[in-house]
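This report looks at one strand and its neighbours, and then at a contact between two chains. Please keep the sequence and the structure in view while reading.

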Amino acid sequence: MSTPLVDIRDVSHRFGQHSVLKNVSLTIEPGSYTILLGPSGSGKTTLLSILGGFVSPSEGKVFIRGQDCTFVPPARRPTTTVFQDYALFPHMSVGANVGFGLRMRGVDGATRAAKVREALALVGLAAAFDKKPHQLSGGQRQRVALARALVVEPAVLLLDEPLGALDLKLRRQMQDELKAIQKRVGTAFVHVTHDQEEAMALADHCVVMNDGRIEDEGPPERVYARPATRFSATFMGESTILAGTVTEAKNGTIAVATSAGAVSLPGALQQGTTVALAIRPEHLVLGAASGAVALGQATIGDVVFQGSFKRVLATSALDPALQFIAKAPASAKVRAGDTIAVSCDASDIILLAN
Amino acid sequence: MRAFTRIAAWCYALAVYGFIFLPVVVLVLFSLQSTSFPIPPFTGPSLRWYQAVLSDTRLTSALVNSLLVASISSAAAVTLGFLSAWGFARFHLPGSALLRGLITLPLTVSYLIIGMGLLVLFNSASVPKSLLAAGIGHVVINLPLCFAIIYSQMGDHQINIERAARDLGAPEWKVLLLITVPVMAPAIFAAFFLSMTFSWDEFVISFLLTRFDTTLPVEIWNLLRSGLNPKTNAVGSLVFAVSIVLVVFFELTLLRRKPA
Amino acid sequence: MNTAQNNGHALRWALVAPALGWTLLFFVLPFIAMGLSSLTAHEGGGFTLSNYSQFFTNASYWQAMVNSLQVTAIVTVVSVLLAYPFAWILAEMVPVRWQRLALMLAVLPFWTSYVVRSYSWLLVLAQNGVVNRALTGSGLISEPLQLANTRLATTIGFVHFFVMLLTLTIFANLKQLSPSYRRAAADLGAGPVRTFLHVVLPLTLPGIMVGAFLTFVLCIGDYITPQILGGNNELVMPQLVMMQIGRRGDFPLASALSIILMVVVTAAYLACARWLKIERT
């Protein structure tokens, strides 16, 4: 394997007494779209700031294109950042904003103007060259910030919650455009977000972070289908979590005793191991057409119509502490107060070691 | 009842306006007096006292002195205030809150006491009284003001804008000249303008720290020794007129600069 | 926020050092000089506490402080009471598009020179000035009143200035108040009077306190207004201080009196400190 574009090795960071990153290592491949996903306080923004050179880590090293960049200031790194508040220069026109990086690199006026126009065309804002930032909408400012960061042809583009300030509809639209632009320019993007839908839609490589650590990383399909930890099973999409103990293990199959009954599934764990089983909402079957693994009866507490489906919350009759989160078809006749059988297929159960 | 309260409120407002304008109207009216006492009955209009003011070299040179002291001391106060505000907003400095407190401390002390302190210090160090000494005092009173105004406008957004410039390859001095100063221009401008007005109108420090060459307020004070005099009215009216023109000018230009 | 280390420690101190140096050299050091001077005998120059003890033993010095405090207290209270309703009328009853103009007019005399403003009141209040002419002319009084060179004149001069200042601060305060508060109070059944008493007034109180404190500090330290309008009949502290320098060249006593005045202002500051926070937006 060739050297990765970015190699973060054993990075830790503290703000005063507070440890925000704990021994994080991560590699980023050329041309990839990496998403750092996590709740606020998970350390994802700090990690991005370390990559951008705005923060020097307390420990560890950052290599970009094989060079040690740990203490290289932002200006001399092959990275550029799209800031959450866009940080457009309010006193400069859009053209001057986008051309700023080239101007700092001593590019002459004519070449600069041509490149700026090209970059603005790339983000669909060719007509905005002479406007001032305050004359643009939120989505347009976002594109200007993107063009400004891309025009200097960085090796890595860093995006700090770039869609956070946009309303939902615009967000989904910009999401598609970001992906398209990234494919076109081929630059590696590293994008921080707390929105798991955004992560699934955009990422080639999804990094789930929590409490200063990387909980899980991989292609979003894998992270969703087979999350490595309990945290990523509940943060990247919802899951019903069943706590249990392995009672029997043979021939690659284990039996787990849970509060919703005994469940047997493929696995190789020792008897007596405590485990957590996660089941995605779309894999829980409600009612008569039962799946292979019965999970007992449950009382429906809440049905929320979501357009294309209904989100159903139900409390297990066997264990009042157990909440099932299920996805029922929009046409399903489920009502609050009904008691219903819950089941699933053994192959859909995700085994999480504790 | 409703109507009665409304009428009472309007009467009250008019009465306060009357109170506020009474001395100014009297001042300006009797500056046009043609006889030697600025008291009723009104005998004008006449411009003789304005002529007297403009041909009085003591007053005109005091006016030039005032302008010089105000502009130079304000420029110094804004420069020091801007640099320190930038330093405090951008960097984490040990004891930052305490040091910021120290810089703003003179705001809570009377001008008289600041002037007294400088007088005692300069006296014991045998520094002679001069316009320069008064200018130093004016920087002392205006620096905290400039610092507070500019510092309060340096929010996190401002910090991010500078980061973006640095990220795109700008060296420190270019960040300062191309980004920070232009973006902060309204605050810098407001601080300078306010500083100018305070210095322009300051009396007690100039009174204590200057001797022969002095500023306009001190020269007007000297005029007062001759009692009520339409010449004083004329000087006062002139200062008032110039200030109004400046205020209206700044109001219009600042308003026009504001984005919709 | 941590910036990359190589941005240098030197730069960060270089930025703040000039301002700190200036403050230390021309504010803190003079203060120390004044403190030392206040402990020095005017004649001979040895160490003494007599400059301070004089203040407590000499009745006329003590009286100046009493005068200062009385004038300042009256001015502060009267100015707030006059300015609040005025600012309220400007903010609530004047149509929004005229408010800026109305406010600019209300503070227009700010732009006359401070010395000239006091002088103007002298014109108004003089023996044969406008007020006395109007009163005698209308037959209300037969002999002109002694208005100038009294404590009343000082008070009027001060109130004139501080009504303008407080109108500005209180107006800004009232405008910052979100209209939702008032709507919420009205929605919950409070009438205009109760809305004002229970919602508007408490919410603008911190602003009033800031304005009142400013009035206090500026008023108690001012020399011009009492000197021009009050004359030498009832001295206040700043007049007393200036007198020591002017007539007698007694710097030590002037220093001691200045320090006593500052202690009083500091005590007032500490008393209102919780309302007076300068915050970064």
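## A strand of chain A and its partners

In this predicted model, A:Leu37 stands opposite A:Thr193, a residue of β8(A). That pair belongs to the setting in which β3(A), residues 33–37, runs parallel to β8(A) and is joined to it by five bridges. Strand β7(A), residues 156–160, likewise runs parallel to β8(A) through five bridges, and here A:Leu157 stands opposite A:Phe189 of β8(A).

| Strand of chain A | Residues | Bridges to β8(A) | Direction relative to β8(A) |
|---|---|---|---|
| β3(A) | 33–37 | five bridges | parallel |
| β7(A) | 156–160 | five bridges | parallel |

The connection from β7(A) passes through helix α5 of chain A, residues 168–185, and together with β8(A) these elements form a right-handed β-α-β unit.

How is β8(A) placed with respect to the rest of the structure? Because six of the six residues of this strand, 188–193, are buried, β8(A) is largely enclosed by the rest of the structure. A:Ala188, A:Val190 and A:Val192 point one way from the strand, whereas A:Phe189, A:His191 and A:Thr193 point the other way, and all are buried.

## The contact between chains C and B

Chain C contributes 64 residues to its contact with chain B, which in turn contributes 70 residues. Several helices of chain C each supply at least two residues of the side that touches chain B, among them α3 (59–92), α7 (151–176) and α12 (251–272). The largest share of that side, 16 residues, comes from α1(C). By class, the side of chain C that touches chain B has 47 nonpolar, 13 polar and four charged residues.

Definitions and conventions:
Residues numbered from 1 in each chain as written. Chains lettered and ligands numbered in written order. Predicted model: local features only at pLDDT ≥ 70, side-chain atom pairs only at ≥ 80, totals over all residues. Contact = placed C-beta atoms within 7 Å. Helix = DSSP H or I, 4+ residues; strand = E, 2+ residues; numbered from the N terminus. Nonpolar A, V, L, I, M, F, W, Y, C, P; charged D, E, K, R; others polar. Buried ≥ 20, exposed ≤ 12 C-beta atoms within 10 Å, placed from the backbone. Pairing = 2+ DSSP bridges. Right-handed = clockwise from strand over helix to strand, strands pointing away.
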